[in-house]
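You asked for a colleague's reading of this model before you take it to the bench. The numbered points below are meant to be read with the structure open beside them.

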Amino acid sequence: MTVTASGLRAAPSAAFVVDARTGEVLHAKNADTRLHPASLTKMMTLYLAFEAIEHGEISPETMVKISSHAASEPPSKLGLRAGQRIKFKYLIRAAAIKSANDAATAIGEALEGSEAAFARRMNRTARAMGMNRTTFRNANGLTEKGHLSTARDMTILARHIVYDYPGYYNIFSRTNDDAGIRRVYSTNRRFLGSYSGADGIKTGYTNAAGYNLVGSARRGQERIIATVMGGRSTAARNAEVAKLLDLGFRKAPTRVAMRRPQKPPYLTGPARLAPVPPVGKAPSVALLARSLRPQARPGLPAPSEEMIAALAADVSTAVSTAKAELTATPAASAEALAASILPRARPGRPSSPATPEDPPSGPAAQIAADTPPTLELASADAAVQTEIVSRLSSSGGRYWGINVGNYGSRYQAERVLLRTALQEMGILDNALRKVVQGRRGFEANFVGMTEAEADQACRRLQSHGAACNTFGPPS
(Lines give C-alpha, C1' and ligand atoms only; values in the text may rest on other atoms or scores of the structure.)
Protein backbone atom coordinates (compact mmCIF):
# COMPACT_ATOMS: atom_id res chain seq x y z
CA MET A 1 0.00 0.00 0.00
CA THR A 2 1.06 3.58 -0.73
CA VAL A 3 0.07 6.50 1.49
CA THR A 4 -1.13 9.51 -0.54
CA ALA A 5 -0.79 13.19 0.31
CA SER A 6 -4.36 13.22 1.64
CA GLY A 7 -3.56 10.48 4.13
CA LEU A 8 -5.69 7.86 2.37
CA ARG A 9 -3.98 4.64 1.45
CA ALA A 10 -3.95 3.89 -2.27
CA ALA A 11 -5.06 0.44 -3.37
CA PRO A 12 -2.67 -2.30 -4.43
CA SER A 13 -2.48 -2.76 -8.17
CA ALA A 14 -4.64 -5.29 -9.96
CA ALA A 15 -4.90 -6.36 -13.58
CA PHE A 16 -7.14 -8.52 -15.72
CA VAL A 17 -7.14 -9.31 -19.45
CA VAL A 18 -9.73 -11.22 -21.51
CA ASP A 19 -10.43 -12.13 -25.09
CA ALA A 20 -13.64 -10.15 -25.42
CA ARG A 21 -15.09 -12.50 -28.02
CA THR A 22 -15.15 -15.48 -25.69
CA GLY A 23 -14.46 -14.14 -22.19
CA GLU A 24 -11.34 -16.33 -21.96
CA VAL A 25 -8.96 -15.06 -19.28
CA LEU A 26 -5.52 -14.26 -20.73
CA HIS A 27 -3.90 -12.66 -17.66
CA ALA A 28 -4.85 -11.99 -14.03
CA LYS A 29 -3.17 -10.30 -11.06
CA ASN A 30 -5.09 -9.63 -7.84
CA ALA A 31 -8.15 -9.95 -10.07
CA ASP A 32 -10.57 -10.68 -7.22
CA THR A 33 -9.19 -8.19 -4.68
CA ARG A 34 -11.93 -5.74 -3.69
CA LEU A 35 -10.70 -2.23 -4.50
CA HIS A 36 -12.10 1.25 -4.99
CA PRO A 37 -13.37 1.42 -8.60
CA ALA A 38 -13.56 5.25 -8.72
CA SER A 39 -15.19 6.41 -11.96
CA LEU A 40 -15.16 2.93 -13.47
CA THR A 41 -18.45 2.89 -11.54
CA LYS A 42 -19.95 5.07 -14.25
CA MET A 43 -19.85 2.12 -16.65
CA MET A 44 -22.71 0.58 -14.67
CA THR A 45 -24.53 3.90 -14.46
CA LEU A 46 -24.30 4.22 -18.23
CA TYR A 47 -25.23 0.56 -18.80
CA LEU A 48 -28.47 1.13 -16.89
CA ALA A 49 -29.09 4.35 -18.82
CA PHE A 50 -28.77 2.46 -22.12
CA GLU A 51 -31.01 -0.30 -20.79
CA ALA A 52 -33.67 2.19 -19.69
CA ILE A 53 -33.71 3.89 -23.09
CA GLU A 54 -33.95 0.62 -24.98
CA HIS A 55 -36.93 -0.51 -22.86
CA GLY A 56 -38.79 2.79 -23.19
CA GLU A 57 -38.31 3.75 -19.56
CA ILE A 58 -36.86 7.12 -20.61
CA SER A 59 -35.94 8.88 -23.85
CA PRO A 60 -32.65 10.55 -24.81
CA GLU A 61 -34.69 13.74 -25.29
CA THR A 62 -36.32 13.61 -21.84
CA MET A 63 -35.69 16.81 -19.90
CA VAL A 64 -34.21 15.96 -16.49
CA LYS A 65 -34.53 18.38 -13.56
CA ILE A 66 -31.27 18.63 -11.61
CA SER A 67 -31.46 18.20 -7.84
CA SER A 68 -29.38 20.14 -5.35
CA HIS A 69 -27.66 16.84 -4.45
CA ALA A 70 -26.55 16.22 -8.04
CA ALA A 71 -25.48 19.84 -8.51
CA SER A 72 -23.34 19.74 -5.36
CA GLU A 73 -21.20 16.78 -6.42
CA PRO A 74 -17.47 17.60 -6.51
CA PRO A 75 -15.40 17.65 -9.73
CA SER A 76 -14.99 16.33 -12.23
CA LYS A 77 -18.36 17.81 -13.16
CA LEU A 78 -20.36 19.32 -16.00
CA GLY A 79 -21.37 22.32 -13.89
CA LEU A 80 -25.08 21.62 -13.51
CA ARG A 81 -27.21 23.94 -11.34
CA ALA A 82 -30.02 22.94 -8.98
CA GLY A 83 -33.38 23.33 -10.71
CA GLN A 84 -31.82 23.34 -14.17
CA ARG A 85 -33.33 21.13 -16.86
CA ILE A 86 -31.19 19.28 -19.37
CA LYS A 87 -31.73 16.49 -21.88
CA PHE A 88 -30.94 12.97 -20.70
CA LYS A 89 -28.62 12.37 -23.67
CA TYR A 90 -26.37 15.24 -22.54
CA LEU A 91 -26.03 13.68 -19.09
CA ILE A 92 -24.94 10.44 -20.76
CA ARG A 93 -22.34 12.21 -22.86
CA ALA A 94 -20.96 14.13 -19.89
CA ALA A 95 -20.72 11.01 -17.71
CA ALA A 96 -19.16 8.84 -20.41
CA ILE A 97 -16.72 11.34 -21.93
CA LYS A 98 -15.84 13.85 -19.20
CA SER A 99 -16.61 11.45 -16.32
CA ALA A 100 -18.79 14.16 -14.77
CA ASN A 101 -19.94 13.25 -11.26
CA ASP A 102 -22.94 15.60 -11.26
CA ALA A 103 -24.19 14.11 -14.55
CA ALA A 104 -23.85 10.53 -13.26
CA THR A 105 -25.82 11.33 -10.10
CA ALA A 106 -28.50 13.05 -12.19
CA ILE A 107 -28.82 9.92 -14.36
CA GLY A 108 -29.39 7.77 -11.29
CA GLU A 109 -31.97 10.13 -9.83
CA ALA A 110 -33.78 10.39 -13.16
CA LEU A 111 -34.17 6.62 -13.35
CA GLU A 112 -34.88 5.70 -9.72
CA GLY A 113 -35.79 8.93 -7.92
CA SER A 114 -32.82 8.82 -5.56
CA GLU A 115 -29.18 7.81 -5.71
CA ALA A 116 -29.68 5.20 -2.97
CA ALA A 117 -32.46 3.48 -4.94
CA PHE A 118 -30.32 3.63 -8.08
CA ALA A 119 -27.41 2.01 -6.24
CA ARG A 120 -29.70 -0.91 -5.34
CA ARG A 121 -30.58 -1.27 -9.02
CA MET A 122 -26.87 -1.18 -9.88
CA ASN A 123 -26.19 -4.00 -7.44
CA ARG A 124 -29.05 -6.17 -8.71
CA THR A 125 -27.75 -5.83 -12.25
CA ALA A 126 -24.19 -6.52 -11.11
CA ARG A 127 -25.26 -9.80 -9.48
CA ALA A 128 -27.20 -10.80 -12.61
CA MET A 129 -24.01 -10.24 -14.65
CA GLY A 130 -21.94 -12.37 -12.30
CA MET A 131 -20.14 -9.41 -10.68
CA ASN A 132 -20.27 -11.17 -7.35
CA ARG A 133 -17.58 -9.16 -5.53
CA THR A 134 -18.93 -5.71 -6.34
CA THR A 135 -20.99 -3.39 -4.14
CA PHE A 136 -22.10 0.02 -5.42
CA ARG A 137 -23.08 2.81 -3.05
CA ASN A 138 -23.38 5.69 -5.54
CA ALA A 139 -23.68 6.41 -9.25
CA ASN A 140 -20.38 8.18 -9.83
CA GLY A 141 -17.66 6.27 -7.95
CA LEU A 142 -16.67 8.89 -5.41
CA THR A 143 -15.05 7.19 -2.42
CA GLU A 144 -17.62 5.81 -0.01
CA LYS A 145 -17.38 3.08 2.61
CA GLY A 146 -18.26 -0.27 1.11
CA HIS A 147 -18.21 0.99 -2.50
CA LEU A 148 -15.85 -1.66 -3.88
CA SER A 149 -15.26 -3.83 -6.92
CA THR A 150 -12.57 -5.95 -8.58
CA ALA A 151 -10.59 -5.93 -11.80
CA ARG A 152 -12.44 -9.08 -12.89
CA ASP A 153 -15.87 -7.59 -12.22
CA MET A 154 -15.07 -4.33 -14.01
CA THR A 155 -13.94 -6.33 -17.05
CA ILE A 156 -17.17 -8.34 -16.98
CA LEU A 157 -19.12 -5.09 -16.97
CA ALA A 158 -17.12 -3.59 -19.84
CA ARG A 159 -17.67 -6.72 -21.94
CA HIS A 160 -21.42 -6.49 -21.33
CA ILE A 161 -21.46 -2.90 -22.54
CA VAL A 162 -19.58 -3.85 -25.71
CA TYR A 163 -21.92 -6.72 -26.62
CA ASP A 164 -25.23 -5.85 -24.92
CA TYR A 165 -25.46 -2.28 -26.22
CA PRO A 166 -23.14 -2.04 -29.23
CA GLY A 167 -25.04 0.89 -30.70
CA TYR A 168 -24.20 2.97 -27.63
CA TYR A 169 -20.62 1.77 -27.17
CA ASN A 170 -19.44 4.29 -29.76
CA ILE A 171 -19.70 7.07 -27.18
CA PHE A 172 -16.68 5.72 -25.27
CA SER A 173 -14.45 6.31 -28.29
CA ARG A 174 -15.20 10.03 -28.49
CA THR A 175 -12.50 12.51 -27.58
CA ASN A 176 -15.04 15.35 -27.27
CA ASP A 177 -18.72 16.07 -27.78
CA ASP A 178 -21.49 18.56 -27.13
CA ALA A 179 -23.05 18.10 -23.68
CA GLY A 180 -25.74 20.73 -23.97
CA ILE A 181 -24.34 23.48 -21.79
CA ARG A 182 -20.73 23.08 -22.95
CA ARG A 183 -18.41 20.89 -24.96
CA VAL A 184 -16.77 18.13 -22.95
CA TYR A 185 -13.39 16.47 -23.54
CA SER A 186 -12.50 12.87 -22.85
CA THR A 187 -10.52 11.86 -19.78
CA ASN A 188 -9.32 8.92 -21.90
CA ARG A 189 -8.14 10.79 -24.99
CA ARG A 190 -4.42 10.12 -24.40
CA PHE A 191 -4.94 6.38 -24.41
CA LEU A 192 -7.39 6.48 -27.34
CA GLY A 193 -4.94 8.50 -29.39
CA SER A 194 -1.84 6.47 -28.62
CA TYR A 195 -2.84 2.80 -28.83
CA SER A 196 -3.61 1.24 -32.22
CA GLY A 197 -7.16 -0.09 -32.33
CA ALA A 198 -8.23 1.45 -29.01
CA ASP A 199 -11.93 2.39 -28.93
CA GLY A 200 -12.84 2.81 -25.22
CA ILE A 201 -13.83 2.43 -22.53
CA LYS A 202 -13.42 4.24 -19.10
CA THR A 203 -10.94 5.90 -16.76
CA GLY A 204 -11.17 6.42 -13.00
CA TYR A 205 -9.18 8.17 -10.31
CA THR A 206 -9.52 8.99 -6.62
CA ASN A 207 -6.89 9.21 -3.90
CA ALA A 208 -8.14 5.95 -2.44
CA ALA A 209 -8.33 4.12 -5.77
CA GLY A 210 -5.26 5.32 -7.59
CA TYR A 211 -5.38 5.47 -11.38
CA ASN A 212 -7.81 2.98 -12.95
CA LEU A 213 -8.53 2.20 -16.58
CA VAL A 214 -10.58 -0.35 -18.49
CA GLY A 215 -9.34 -0.30 -22.07
CA SER A 216 -10.68 -2.11 -25.12
CA ALA A 217 -9.02 -2.45 -28.51
CA ARG A 218 -9.95 -4.18 -31.71
CA ARG A 219 -7.60 -5.34 -34.46
CA GLY A 220 -9.16 -7.25 -37.34
CA GLN A 221 -11.35 -9.97 -35.86
CA GLU A 222 -9.75 -9.78 -32.42
CA ARG A 223 -10.96 -7.67 -29.48
CA ILE A 224 -9.14 -7.55 -26.15
CA ILE A 225 -10.28 -5.89 -22.91
CA ALA A 226 -7.71 -5.06 -20.23
CA THR A 227 -8.32 -3.57 -16.78
CA VAL A 228 -5.77 -1.93 -14.48
CA MET A 229 -6.66 -0.72 -10.98
CA GLY A 230 -4.35 1.09 -8.57
CA GLY A 231 -1.99 2.67 -11.11
CA ARG A 232 0.58 5.21 -9.89
CA SER A 233 -0.10 7.87 -12.53
CA THR A 234 -2.02 8.44 -15.76
CA ALA A 235 1.07 7.69 -17.86
CA ALA A 236 2.00 4.56 -15.90
CA ARG A 237 -1.58 3.30 -16.01
CA ASN A 238 -1.90 3.87 -19.77
CA ALA A 239 1.42 2.18 -20.40
CA GLU A 240 0.39 -0.84 -18.32
CA VAL A 241 -2.92 -1.20 -20.15
CA ALA A 242 -1.11 -0.97 -23.50
CA LYS A 243 1.30 -3.67 -22.35
CA LEU A 244 -1.57 -5.90 -21.27
CA LEU A 245 -3.46 -5.38 -24.52
CA ASP A 246 -0.32 -6.33 -26.44
CA LEU A 247 -0.11 -9.48 -24.34
CA GLY A 248 -3.74 -10.21 -25.11
CA PHE A 249 -3.33 -9.82 -28.86
CA ARG A 250 -0.31 -12.13 -28.76
CA LYS A 251 -2.20 -14.83 -26.87
CA ALA A 252 -5.63 -14.60 -28.50
CA PRO A 253 -6.33 -16.76 -31.56
CA THR A 254 -7.11 -14.95 -34.80
CA ARG A 255 -10.35 -16.80 -35.31
CA VAL A 256 -12.58 -18.13 -32.60
CA ALA A 257 -16.27 -18.91 -32.17
CA MET A 258 -17.99 -15.89 -30.66
CA ARG A 259 -19.52 -16.46 -27.21
CA ARG A 260 -21.30 -13.29 -26.20
CA PRO A 261 -22.16 -12.77 -22.53
CA GLN A 262 -25.74 -13.53 -21.54
CA LYS A 263 -27.62 -10.26 -21.21
CA PRO A 264 -29.07 -9.78 -17.72
CA PRO A 265 -32.85 -9.53 -17.41
CA TYR A 266 -34.52 -6.14 -17.41
CA LEU A 267 -36.09 -6.14 -13.95
CA THR A 268 -39.35 -4.24 -13.60
CA GLY A 269 -42.16 -4.10 -11.06
CA PRO A 270 -41.80 -6.38 -7.99
CA ALA A 271 -38.63 -7.96 -9.39
CA ARG A 272 -36.82 -4.64 -9.00
CA LEU A 273 -37.65 -4.63 -5.30
CA ALA A 274 -36.19 -8.07 -4.65
CA PRO A 275 -33.32 -8.17 -2.12
CA VAL A 276 -29.82 -7.91 -3.55
CA PRO A 277 -27.81 -11.10 -2.92
CA PRO A 278 -24.79 -10.48 -0.67
CA VAL A 279 -21.28 -10.12 -2.08
CA GLY A 280 -19.89 -13.47 -3.20
CA LYS A 281 -23.34 -15.03 -3.76
CA ALA A 282 -24.94 -15.64 -7.12
CA PRO A 283 -28.46 -14.24 -7.65
CA SER A 284 -31.32 -16.53 -6.77
CA VAL A 285 -33.06 -18.50 -9.46
CA ALA A 286 -36.27 -16.60 -8.81
CA LEU A 287 -34.57 -13.30 -9.60
CA LEU A 288 -33.44 -14.50 -13.02
CA ALA A 289 -36.42 -16.69 -13.87
CA ARG A 290 -38.72 -13.83 -14.91
CA SER A 291 -39.07 -13.75 -18.68
CA LEU A 292 -40.13 -10.53 -20.33
CA ARG A 293 -40.57 -12.10 -23.75
CA PRO A 294 -43.92 -10.87 -25.16
CA GLN A 295 -46.59 -13.56 -25.01
CA ALA A 296 -49.24 -14.13 -27.66
CA ARG A 297 -52.59 -12.60 -26.80
CA PRO A 298 -55.03 -15.33 -25.72
CA GLY A 299 -57.55 -16.39 -28.33
CA LEU A 300 -55.68 -15.14 -31.38
CA PRO A 301 -55.77 -17.72 -34.20
CA ALA A 302 -52.60 -19.05 -35.79
CA PRO A 303 -51.69 -17.37 -39.10
CA SER A 304 -53.54 -18.88 -42.01
CA GLU A 305 -51.91 -20.62 -44.96
CA GLU A 306 -53.05 -17.69 -47.13
CA MET A 307 -51.29 -15.20 -44.84
CA ILE A 308 -48.08 -17.24 -44.85
CA ALA A 309 -48.19 -17.51 -48.63
CA ALA A 310 -48.77 -13.76 -48.94
CA LEU A 311 -45.83 -12.97 -46.71
CA ALA A 312 -43.57 -15.30 -48.70
CA ALA A 313 -44.77 -13.66 -51.91
CA ASP A 314 -44.01 -10.21 -50.48
CA VAL A 315 -40.44 -11.28 -49.77
CA SER A 316 -40.00 -12.68 -53.28
CA THR A 317 -41.47 -9.51 -54.78
CA ALA A 318 -39.14 -7.32 -52.71
CA VAL A 319 -36.11 -9.31 -53.89
CA SER A 320 -37.18 -9.14 -57.53
CA THR A 321 -37.93 -5.42 -57.33
CA ALA A 322 -34.63 -4.62 -55.67
CA LYS A 323 -32.68 -6.56 -58.31
CA ALA A 324 -34.60 -4.82 -61.08
CA GLU A 325 -33.94 -1.42 -59.54
CA LEU A 326 -30.25 -2.23 -59.24
CA THR A 327 -30.07 -3.28 -62.92
CA ALA A 328 -31.73 -0.03 -63.98
CA THR A 329 -29.65 2.15 -61.66
CA PRO A 330 -26.23 3.58 -62.60
CA ALA A 331 -23.30 2.35 -60.51
CA ALA A 332 -22.99 5.61 -58.60
CA SER A 333 -26.64 5.45 -57.55
CA ALA A 334 -26.26 1.82 -56.50
CA GLU A 335 -23.42 2.82 -54.20
CA ALA A 336 -25.60 5.56 -52.74
CA LEU A 337 -28.38 3.01 -52.15
CA ALA A 338 -25.99 0.76 -50.25
CA ALA A 339 -24.60 3.70 -48.28
CA SER A 340 -28.10 4.43 -46.99
CA ILE A 341 -27.89 1.19 -45.02
CA LEU A 342 -24.23 0.61 -44.20
CA PRO A 343 -22.62 3.64 -42.52
CA ARG A 344 -19.30 5.00 -43.64
CA ALA A 345 -16.45 5.39 -41.17
CA ARG A 346 -16.10 8.93 -39.84
CA PRO A 347 -13.24 10.98 -41.36
CA GLY A 348 -10.15 10.83 -39.25
CA ARG A 349 -11.21 7.64 -37.47
CA PRO A 350 -9.85 4.11 -38.03
CA SER A 351 -11.67 2.25 -40.77
CA SER A 352 -12.40 -0.75 -38.56
CA PRO A 353 -15.75 -0.59 -36.74
CA ALA A 354 -15.82 0.54 -33.14
CA THR A 355 -18.34 -2.10 -32.21
CA PRO A 356 -18.92 -5.77 -32.97
CA GLU A 357 -22.60 -5.29 -33.59
CA ASP A 358 -24.98 -2.73 -35.06
CA PRO A 359 -23.92 0.90 -35.60
CA PRO A 360 -25.94 3.48 -33.66
CA SER A 361 -29.56 3.88 -34.71
CA GLY A 362 -32.74 5.18 -33.10
CA PRO A 363 -32.13 6.37 -29.53
CA ALA A 364 -28.44 5.45 -29.75
CA ALA A 365 -28.03 7.77 -32.73
CA GLN A 366 -29.58 10.60 -30.70
CA ILE A 367 -26.90 10.13 -28.05
CA ALA A 368 -24.07 9.71 -30.55
CA ALA A 369 -25.38 12.47 -32.78
CA ASP A 370 -22.29 13.00 -34.93
CA THR A 371 -22.16 9.35 -35.95
CA PRO A 372 -23.87 8.86 -39.33
CA PRO A 373 -27.18 7.13 -38.53
CA THR A 374 -28.21 3.93 -40.23
CA LEU A 375 -31.59 3.54 -41.85
CA GLU A 376 -34.02 2.50 -39.14
CA LEU A 377 -36.09 -0.35 -40.51
CA ALA A 378 -39.62 -0.98 -39.29
CA SER A 379 -40.27 -4.05 -37.17
CA ALA A 380 -42.73 -6.72 -38.30
CA ASP A 381 -44.30 -9.61 -36.44
CA ALA A 382 -42.44 -12.83 -37.19
CA ALA A 383 -45.47 -14.72 -38.42
CA VAL A 384 -43.31 -17.05 -40.50
CA GLN A 385 -40.74 -18.81 -38.31
CA THR A 386 -39.04 -20.77 -41.12
CA GLU A 387 -35.61 -19.64 -42.30
CA ILE A 388 -35.73 -17.86 -45.68
CA VAL A 389 -32.89 -18.87 -47.98
CA SER A 390 -32.33 -16.91 -51.18
CA ARG A 391 -29.45 -18.84 -52.75
CA LEU A 392 -28.03 -22.34 -52.44
CA SER A 393 -24.44 -23.35 -53.01
CA SER A 394 -23.23 -26.78 -53.98
CA SER A 395 -19.53 -25.86 -54.34
CA GLY A 396 -17.08 -27.84 -52.25
CA GLY A 397 -15.37 -26.21 -49.26
CA ARG A 398 -18.02 -23.54 -48.79
CA TYR A 399 -18.48 -24.01 -45.06
CA TRP A 400 -17.67 -20.43 -43.96
CA GLY A 401 -19.87 -17.44 -43.42
CA ILE A 402 -20.10 -13.93 -42.05
CA ASN A 403 -22.42 -12.30 -39.52
CA VAL A 404 -23.51 -8.70 -40.13
CA GLY A 405 -25.44 -8.14 -36.92
CA ASN A 406 -28.36 -9.15 -34.71
CA TYR A 407 -31.72 -7.43 -35.17
CA GLY A 408 -35.00 -7.15 -33.38
CA SER A 409 -37.11 -8.72 -36.12
CA ARG A 410 -36.70 -11.19 -38.96
CA TYR A 411 -37.90 -8.54 -41.40
CA GLN A 412 -35.15 -6.13 -40.36
CA ALA A 413 -32.45 -8.81 -40.62
CA GLU A 414 -33.66 -9.82 -44.10
CA ARG A 415 -33.66 -6.22 -45.30
CA VAL A 416 -30.10 -5.65 -44.05
CA LEU A 417 -28.95 -8.86 -45.75
CA LEU A 418 -30.57 -7.80 -49.00
CA ARG A 419 -29.08 -4.33 -48.97
CA THR A 420 -25.66 -5.68 -48.00
CA ALA A 421 -25.81 -8.15 -50.88
CA LEU A 422 -26.69 -5.34 -53.27
CA GLN A 423 -23.69 -3.34 -52.08
CA GLU A 424 -21.19 -6.18 -52.41
CA MET A 425 -22.58 -8.25 -55.28
CA GLY A 426 -19.09 -9.11 -56.50
CA ILE A 427 -18.07 -10.96 -53.35
CA LEU A 428 -21.47 -12.03 -52.00
CA ASP A 429 -23.06 -13.21 -55.24
CA ASN A 430 -22.45 -16.88 -54.44
CA ALA A 431 -23.34 -16.59 -50.77
CA LEU A 432 -26.53 -17.79 -49.15
CA ARG A 433 -28.52 -15.25 -47.11
CA LYS A 434 -29.75 -16.80 -43.91
CA VAL A 435 -31.63 -15.43 -40.90
CA VAL A 436 -31.25 -17.44 -37.70
CA GLN A 437 -33.40 -16.74 -34.65
CA GLY A 438 -31.52 -16.95 -31.37
CA ARG A 439 -31.87 -15.80 -27.79
CA ARG A 440 -30.46 -12.38 -28.65
CA GLY A 441 -32.64 -11.70 -31.69
CA PHE A 442 -32.37 -12.49 -35.38
CA GLU A 443 -28.86 -13.07 -36.70
CA ALA A 444 -28.19 -11.82 -40.23
CA ASN A 445 -25.70 -14.24 -41.83
CA PHE A 446 -24.19 -14.94 -45.22
CA VAL A 447 -23.18 -18.60 -45.47
CA GLY A 448 -21.96 -21.05 -48.12
CA MET A 449 -18.65 -19.21 -48.58
CA THR A 450 -15.02 -20.22 -48.67
CA GLU A 451 -12.76 -18.97 -45.91
CA ALA A 452 -11.05 -16.56 -48.34
CA GLU A 453 -14.41 -15.18 -49.52
CA ALA A 454 -15.60 -14.66 -45.95
CA ASP A 455 -12.42 -12.83 -45.00
CA GLN A 456 -12.55 -10.64 -48.10
CA ALA A 457 -16.22 -9.79 -47.56
CA CYS A 458 -15.65 -8.76 -43.94
CA ARG A 459 -12.69 -6.59 -44.89
CA ARG A 460 -14.78 -4.83 -47.51
CA LEU A 461 -17.69 -4.26 -45.14
CA GLN A 462 -15.41 -3.08 -42.33
CA SER A 463 -13.79 -0.59 -44.69
CA HIS A 464 -17.25 0.99 -44.96
CA GLY A 465 -17.54 1.19 -41.18
CA ALA A 466 -19.93 -1.77 -40.93
CA ALA A 467 -19.77 -4.53 -38.34
CA CYS A 468 -18.83 -7.99 -39.61
CA ASN A 469 -17.56 -11.22 -38.07
CA THR A 470 -16.51 -14.41 -39.86
CA PHE A 471 -17.33 -17.89 -38.63
CA GLY A 472 -16.28 -21.33 -39.77
CA PRO A 473 -17.70 -24.82 -39.76
CA PRO A 474 -18.40 -26.42 -36.40
CA SER A 475 -15.38 -28.34 -35.12
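1. In this predicted model, helix H6 covers residues 151-164 and has 14 residues, and the distance from its first C-alpha to its last is 20 Å, close to the 20 Å expected at 1.5 Å a residue. Twelve of those 14 residues are buried, so H6 is largely enclosed by the rest of the structure. The buried residues of H6 include Asp153, Arg159, His160 and Asp164, alongside others such as Met154, Leu157, Ile161 and Val162.

2. Helix H14, residues 410-423, also has 14 residues and spans 20 Å between its first and last C-alpha atoms, again close to the 20 Å expected at 1.5 Å a residue. H14 is mostly covered, with twelve of its 14 residues buried; among them are Arg410, Glu414 and Arg419, as well as Val416, Leu417, Leu418 and Leu422.

3. For the wider setting, the secondary structure of the protein comes to 16 helices and 15 strands, and buried residues make up 50% of its 475 residues. Of the contacts in the protein with a separation of 6 or more, 70% are between residues 24 or more positions apart.

4. Helix H1 can be read through two of its packing partners, of which H3 (residues 88-98) is taken up here: H1 and H3 pack at an angle of about 155 degrees, with their axes 10 Å apart. Because angles over 145 degrees count as roughly antiparallel, that makes H1 roughly antiparallel to H3. Their crossing is left-handed, and the contact is made by Lys42, Leu46, Ala49, Phe50 and Ile53 on the H1 side and by Phe88, Ile92, Ala95 and Ala96 on the H3 side.

5. With helix H5 (residues 115-129), the axis of H1 comes within 10 Å and crosses at roughly 90 degrees, and H1 and H5 are therefore roughly perpendicular to each other. Here H1 contributes Met44, Thr45, Tyr47, Leu48, Glu51 and Ala52 to the contact, while H5 contributes Phe118, Arg121, Met122, Thr125, Ala126 and Met129.

6. Aromatic rings deserve a separate look, with pairs counted where ring centres lie within 6.5 Å; by this rule the count comes to eight aromatic pairs. In one of them, the rings of Phe50 and Tyr168 have their centres 4.7 Å apart and their planes at 20 degrees, so the pair is stacked. This pair links distant parts of the chain, since Phe50 belongs to helix H1 (residues 42-54) and Tyr168 to helix H7 (residues 166-169), 118 residues apart. Both Phe50 and Tyr168 are buried, and ring pairs link Tyr47, Phe50, Tyr165, Tyr168, Tyr169 and Phe172 into a cluster.

7. Finally, which residues does Lys263 contact, leaving aside its neighbours within four places in sequence? They are Tyr47, His160, Asp164, Tyr165 and Arg440, and among these Tyr47 and Tyr165 belong to the aromatic cluster, while His160 and Asp164 are buried residues of H6. Lys263 lies in the loop between helix H9 (234-251) and helix H10 (285-289), and Lys263 itself is partly exposed, with a relative accessible area of 35%. The C-alpha atoms of Lys263 and Tyr165 are 9.7 Å apart, although 98 residues separate the two along the chain.

Technical notes:
Residues are numbered from 1 along each chain as its sequence is written. This is a predicted model: local features need pLDDT of at least 70, side-chain atom pairs count only at pLDDT 80 or more; totals for chains, interfaces and linings use all residues. Side-chain values use heavy atoms; hydrogens and water are left out. Rings of Phe, Tyr and Trp (its six-membered ring) pair if their centres lie within 6.5 Å; planes under 30 degrees apart count as stacked, over 60 as edge-to-face and the rest as tilted. Helices (H or I, at least four residues) and strands (E, at least two) are DSSP runs, numbered from the N terminus. Buried means under 20% relative accessible area, exposed over 50%, partly exposed in between (1.4 Å probe, protein chains only). The expected span of a helix is 1.5 Å times one less than its number of residues. Axes are lines fitted to C-alpha atoms, for helices over the stretch in contact, and angles run from 0 to 180 degrees between N-to-C directions. Angles under 35 degrees count as roughly parallel, over 145 as roughly antiparallel, 65 to 115 as roughly perpendicular and the rest as oblique. A crossing is left-handed if the near helix is turned anticlockwise from the far one by less than a right angle, and right-handed if clockwise. Contact means heavy atoms within 4.5 Å.
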